[in-house]
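Q: I'd like to learn how to read a fold like this one. Could you take me through it?

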Amino acid sequence: MVAHAEAPRGSLQHYFPGGKDQLIAEAVTWAGDYVARRVSRVAAKIEDPTPGKLFEAMVAHWRDEFTAQGYDAGCPLVATVADTAATSDDLREAVGKAFDGWQRPVAAALAELGVPGARSESLAVLMLSALEGAIVLARAHQDVAPLDTVVAELRPLLDGAVSARRE
């Protein structure tokens, strides 16, 4: 890693005294913050927003990336938890916090779109779980079809969760 960055060997220890685990934890925290901010930006750009359109827009990022750049990239949160959950409580905790940080703005966006509070939280978990699973399947199959499938299957459920009072 240090050689790739063309940095002095001591740089890693200087900036990350906790070593590789600290570096990974900070990268995971950054990734979690990035996707949380992205949810807000995506939600603000949706014309005639609905919960289903929000999910479709979240999935579209991955669909576009896989289509344009191939299937090499995946979610760093999933990769980190898969590689370290059993060996590092600190990294597992950092990933958990990053996922929580992503889930909160999704739940808030759903609530703004008229989904009742508790339901918005559970649907946010469902959306992230379906998206992450579809990302893994898309990479495994080198095909965006799993992404399209989760959108097609979840969109009616998500849109149906909007409170009748809002309509």
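A: Sure, starting with the vocabulary: helices (H or I, at least four residues) and strands (E, at least two) are DSSP runs, numbered from the N terminus. In this predicted model, the elements from the N terminus on read α-α-α-α-α-α-α-α, which comes to eight helices and zero strands. Residues are numbered from 1 along each chain as its sequence is written. The model being predicted, local features need pLDDT of at least 70 and side-chain atom pairs count only at pLDDT 80 or more, while totals for chains, interfaces and linings use all residues, and side-chain values use heavy atoms, with hydrogens and water left out.

Q: What share of the residues in the chain is buried?
A: Buried means under 20% relative accessible area, exposed over 50%, and partly exposed in between (1.4 Å probe, protein chains only). Here, 37% of the 167 residues are buried.

Q: How do I describe two packed helices?
A: You give the angle between their axes and the distance between the axes. Axes are lines fitted to C-alpha atoms, for helices over the stretch in contact, and angles run from 0 to 180 degrees between N-to-C directions. Take H4 (residues 51-69) and H7 (residues 117-141): their axes come within 11 Å and cross at roughly 20°. That makes H4 roughly parallel to H7, a label for angles under 35 degrees, with over 145 being roughly antiparallel, 65 to 115 roughly perpendicular and the rest oblique.

Q: Which residues of H4 and H7 meet?
A: Contact means heavy atoms within 4.5 Å. On the H4 side, they include Leu54, Met58 and Trp62, and on the H7 side Leu128, Leu131 and Arg139 are among them. The residues of this contact divide into 12 nonpolar, no polar and one charged. For those classes, Ala, Val, Leu, Ile, Met, Phe, Trp, Tyr, Cys and Pro count as nonpolar, Asp, Glu, Lys and Arg as charged, and the others, Gly among them, as polar.

Q: At what angle do H4 and H8 pack?
A: About 170°, with the axes of H4 and H8 (residues 145-160) 8 Å apart. H4 is therefore roughly antiparallel to H8. This contact has 10 nonpolar residues, one polar and six charged.

Q: Which residue in the loop between H3 and H4 should I look at?
A: Try Asp48, which sits in that loop, H3 being 20-45. Asp48 has a positive phi of about 45° although it is not a glycine. At 58% relative accessibility, Asp48 counts as exposed. Gln142 isn't a glycine either, and has a positive phi of about 55°; look for Gln142 in the loop between H7 and H8.
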